[in-house]
Amino acid sequence: MKFFRFLRSADIVTILFLFLMCGIEIFFASRLEHYLYYIPLNAVLIAFIFFAGKRLSQQQEKKNLSLSIAYDWYLVPNILFIYMQASSIAYPLHGKDFDSVLIAVDQWMFGVDPTQWVYQFSHPIITEILQIAYSSYYLFFIFLFYELYKKNMMKEFEEGALLIVYGFYLSYIGYMLFPAIGPRFTLHDFNSLNTDLPGLFLTPYLREFINSGGGVSAGSNPILSVHRDAFPSGHTQLTLTAMYIAFKNKTTIRWGLLIAGSLLIISTIYMRYHYAIDVFAGVIFFLLTIWGGKKIHQWWV
């Protein structure tokens, strides 16, 4: 492994996960429609990581600025790319969803379906606030890591990057093991969401943005196209991880992130994106992220 020391811990975890994805896609090729699309792209991404890491390690004094920026921030589009890949192949791997199991667990724990129970507290103002919070998810990471990057806190930047990508990859494994579409499709009428949970101004637009990002195509049967990404709640898991990084490094956005992130976690159930068990699993996955991620980073550095 010493030969690859020019790579960062987040790079190593990413490369290993990309190899895992390729292995899954090759083994289950007969069930997957787009495996010939994903495998070459995974190979290109792996090649870029090796090339950029090696090239920049050889440019100690004057590094190529464009390559350096691309190498420091490639993880942002990479996370989205692998999300699309993992969540879209989850259903074909099993040929079924596990929503009925998650619903049964919620009913066993609470005696009711939490997303239906919380409806009694709904109000357009609350809906607007929580939809904005839920839609701000990826902005949390951009603002957090931009602050670390701007302050040249590169050690903290690299450790935080490892925790975030490792957490995302753990959640993607959950999606592939237990594909589920969430309560907005199973316990509620998806086509009536704007009527059942109206907001004020931005809610319908943000809701449509989330839908399109989750694979819901206009005019199609949403259950056929939506990504299977309910279990665990990655929004809960990674928001808690971002909070941990923000407070550990005493960033200026930590208190704002605490408020917005807390609202986001509440929104996962209120806005019918997740079952309660998804959120509890997100907390457990967060603890695994911090425990395992810190060990991996300390081992590598």
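## Second largest pocket

The lining of the second largest pocket divides by class into eleven nonpolar, five polar and two charged residues. This is a predicted model, and the pocket has a volume of about 390 Å³. Its lining is made up of 18 residues. Those that lie nearest the centre are H34, Y38, S88, I89 and P92.

Two or more lining residues come from each of α2 (35-57), α4 and α13 (222-225). The largest share of this lining is that of α4, with seven residues.

## Largest pocket

The largest pocket has a volume of about 520 Å³. Its lining holds 22 residues, and Y83, Y138, I210, G213 and H235 lie nearest the centre. The elements that contribute two or more residues to this lining are α4 (75-94), α7 (124-135), α8 (137-150), α9 (154-177), α12 (203-213) and α14 (234-248). Helix α4 therefore appears in the lists for both pockets, given that an element is listed when it supplies two or more residues.

By class, 14 residues of the lining of the largest pocket are nonpolar, six are polar and two are charged.

## Cavities

Searching the whole structure gives two cavities of 30 Å³ or more. The largest cavity has a volume of about 40 Å³. Its lining consists of R8, S9, A10, D72, L75, F157, E158 and A161. At least two of these residues come from α1 (9-27), and at least two from α9. The largest share, three residues, belongs to α9. Sorted by class, the lining has four nonpolar residues, one polar residue and three charged residues.

The second largest cavity holds about 30 Å³ of space. The residues that line this cavity are E156, E159, G160, L163, Y244, I245, K248 and N249. Helices α9 and α14 each give two or more residues to the lining. The greatest contribution is from α9, with four residues. In the lining of the second largest cavity, three residues are nonpolar, two are polar and three are charged.

## Two aspartates: D106 and D196

D106 is part of helix α5, which covers residues 99-110. The residue is buried but has no salt bridge. R272 is the nearest side chain of opposite charge, and it is 12 Å away from D106. A salt bridge needs a side-chain nitrogen of Lys or Arg within 4 Å of a carboxyl oxygen, so at 12 Å R272 does not form one with D106. Leaving aside residues up to four places away in sequence, D106 touches G111, V112, P114, Y275, A276 and I277.

D196 sits in helix α11, residues 193-196. D196 counts as partly exposed because its relative accessibility is 26%, and the partly exposed class runs between the 20% limit for buried and the 50% limit for exposed. With residues up to four places away in sequence left out, D196 touches Y119 and R272. R272 is thus named twice here: as a contact of D196, and as the nearest side chain of opposite charge to D106.

D196 and P124 are 72 residues apart along the chain, and their C-alpha atoms are separated by 9.9 Å.

## Backbone features in loops

The peptide bond that runs from F231 to P232 is cis, and its omega is near -5 degrees. P232 is located in the loop between α13 and α14.

Two residues other than glycine have a positive phi. N152, in the loop between α8 and α9, has a phi of about 60 degrees. N152 is exposed, because its relative accessible area is 60% and the exposed class is over 50%. K250, in the loop between α14 and α15 (254-270), has a phi near 50 degrees. K250 also counts as exposed, because its relative accessibility is 64%.

Definitions and conventions:
Residues numbered from 1 in each chain as written. Predicted model: local features only at pLDDT ≥ 70, side-chain atom pairs only at ≥ 80, totals over all residues. Heavy atoms only, no water. 1 Å grid on protein atoms, 1.4 Å probe; cavity = no way out; pocket = protein on both sides within 12 Å on 5 of 7 lines; lining within 4 Å. Points joined across faces, edges and corners; volume = space filled by probe spheres on them. Nonpolar A, V, L, I, M, F, W, Y, C, P; charged D, E, K, R; others polar. Buried < 20%, exposed > 50% of the residue type's maximum accessible area, 1.4 Å probe, protein only. Lys, Arg positive; Asp, Glu negative; His and termini not counted. Contact = heavy atoms within 4.5 Å.
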